[in-house]
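New to this one? Take a look at the model below, and then we'll walk through a few of its parts.

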Amino acid sequence: RPKGLPPGPTCYPIIGNIGLVKPSEAIQAHRNLRKKYGDIYTIMTFHKPMIAVHGYDNIRELLVKHGDIFSDRPLTIVNGVLNKGKGLLWSSGSMWKEQRTFALTTMRKLGFGKRCLQGQIMEEVDCLMEELEKYGNKPFDIQNILNTSVSNVICSLLFGKRFEYEDAKFKHLIILLNKLLSTSSSSSPAFIFPILRHLTKSRFIKVQNIFADIDEFTSEIIVEHKRNFDGNNVRDFIDGFLLEQKQAEENTTFTDDQLKISVREFFAAGTETTSTTLRWALLFLIHFPDWQKKLRDNIDAVIGQSQPKMEHKEQLPLVEAFILEVQRHANLVPLAIPHAPKEDFNYKGYYLPKGTFMFFVLDSVMSDPEIFPEPTKFQPGRFLDNRGKCNGEQKEKLIPFSTGRRLCLGDSLAKMELFLFLVRFLQKFEIKPENPENLPPLEGNLGLTNMPKSFNIVLIKR
Ligand code: HEM
């Protein structure tokens, strides 16, 4: 291990600590390593150091206070080989800065963070409710229908278009996306060492093919947008990008490739994340029927069956507290997305070299007993103050969307979706387990995100 790096487990020659952190068990492995080596430690993947940072204060200090240093991504198979440095999620430096600013401005114009977006989301929510009624009182797995519905919200913003539940091509993409997120991991050696793709060829080709399928689907839509483009009528993200491209100078980052990759990344980041969180919410509702009743009583008393709006959030503090506790337990992106310092940096006496692969372990915040006493327990009440309002330090310190300059770009949309979908679910249905004697487990499967294991629910119309 190079000198000055944070401490860590003893390395084997050549392979370093390979095999120490099994990607599917990374949450527990990092909790154990923290107990042994402290909040900041190094593990070696071959000769490459990877540094993990735990704890709210350390994460804030590096990602917020020193955000200008820690906003790059390290080299991985995605940015190094597949995207060739382009895109939004995996890009770095001035390319990322320009594209992030553009994406935020454009998405805000289209409604991100504004109340006007809720009408669009509610149309989608009500289509979903109609679809769900078809299941009568029979048990079923909601995963693909929910993914399609949530994906339609981001598709409306990207393409100005939604897809029917029966659309075979779209259904296929949604299933592929799920495979991509459940089987990939940002801690696997092949992900970190692009060269290893030659050894794990079949897996690499699978990912490459999924990217190609998504790109083929969106390319047709981009061509159609180019044909009908009207600079005075920007309908969606693609139009916004084309307008920028037309006005851009030579050597612009607004290239056709960039558009294709950004659309793919938004599509992937905006679908599975929110829909998986909603599935966790349904799972907790069947595990904690007393909370299901409390939430429904709160909703019935405040808005009855009328259309939920974000304005109601303040009046429904139990719903907000429940969502926050679901996000804490779901621990959806426990290691965030890796960051890298853009220059050598010294922190707490440790040397953090430029470009190092760094995990900011969000799990260490979600499960911190100092912030969230008895963290393994599901207790939405922890987010309520003594006046029954959802405020305070715990809400502020819950950071499922990460923090700093690379904070999730879709956090405002996700928060809106979680609230509107969940309230409508509770208004329309009682959510029951398939077998009350044998509830589905609350342990997740960790891929790129932490997903619940497949489970069936029964929806009883109210
Ligand atoms: C509950 C839902 C969601 C969760 C928990 C979540 C969480 C995250 C996390 C932890 C990151 C990594 C931040 C970092 O690098 O430190 C991230 C990045 C990102 N998310 Fe989300 N996300 C969610 C929903 C969404 C949605 C709905 C969208 C799109 C509309 C979205 C778009 C993005 C993008 C584009 C990035 C990359 C930002 C960048 O690298 O600058 N996310 N998200």
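Three helices each supply at least two residues of the shell around the ligand. Here they are, with the stretches they cover:

| Helix | Residues |
|---|---|
| H11 | 256-269 |
| H12 | 272-287 |
| H17 | 411-428 |

Keep in mind that this is a predicted model. So what surrounds the ligand? The shell is made up of 24 residues, and the closest of them are Ala-269, Gly-270, Ser-402, Cys-408 and Gly-410. Sort the shell by character and you get 15 nonpolar residues, 6 polar ones and 3 charged ones.

Now for the strands. There's an open sheet of 3 strands, arranged in the order E1-E2-E5, and its pairing is mixed. Strand E1 (40-45) and strand E5 (357-360) sit at the edges, each pairing on one side only. Going from one strand to the next, the twist averages 25°.

Which way do E2 and E5 run relative to each other, parallel or antiparallel? They run parallel, with 4 bridges joining E5 to strand E2 (residues 48-53). For one pairing to look up, try Val-53, whose bridge partner in E5 is Phe-360. Helix H2, covering residues 56-65, lies across E1, E2 and E5, and runs at about 115° to E2.

Finally, how confident is the predictor? The protein chain has an average pLDDT of 92, with 96% of the residues scoring at least 70. For the complex, the predictor gives an ipTM of 0.99 and a pTM of 0.95. Where pLDDT is low, though, don't read the predicted coordinates in detail.

Methods. Residues numbered from 1 in each chain as written. Predicted model: local features only at pLDDT ≥ 70, side-chain atom pairs only at ≥ 80, totals over all residues. Pairing = 2+ DSSP bridges. Axes fitted to C-alpha atoms, helices over the stretch in contact; angles between N-to-C directions. Contact = placed C-beta atoms within 7 Å. Near = placed C-beta within 6 Å. Nonpolar A, V, L, I, M, F, W, Y, C, P; charged D, E, K, R; others polar. pLDDT = per-residue confidence, 0-100.
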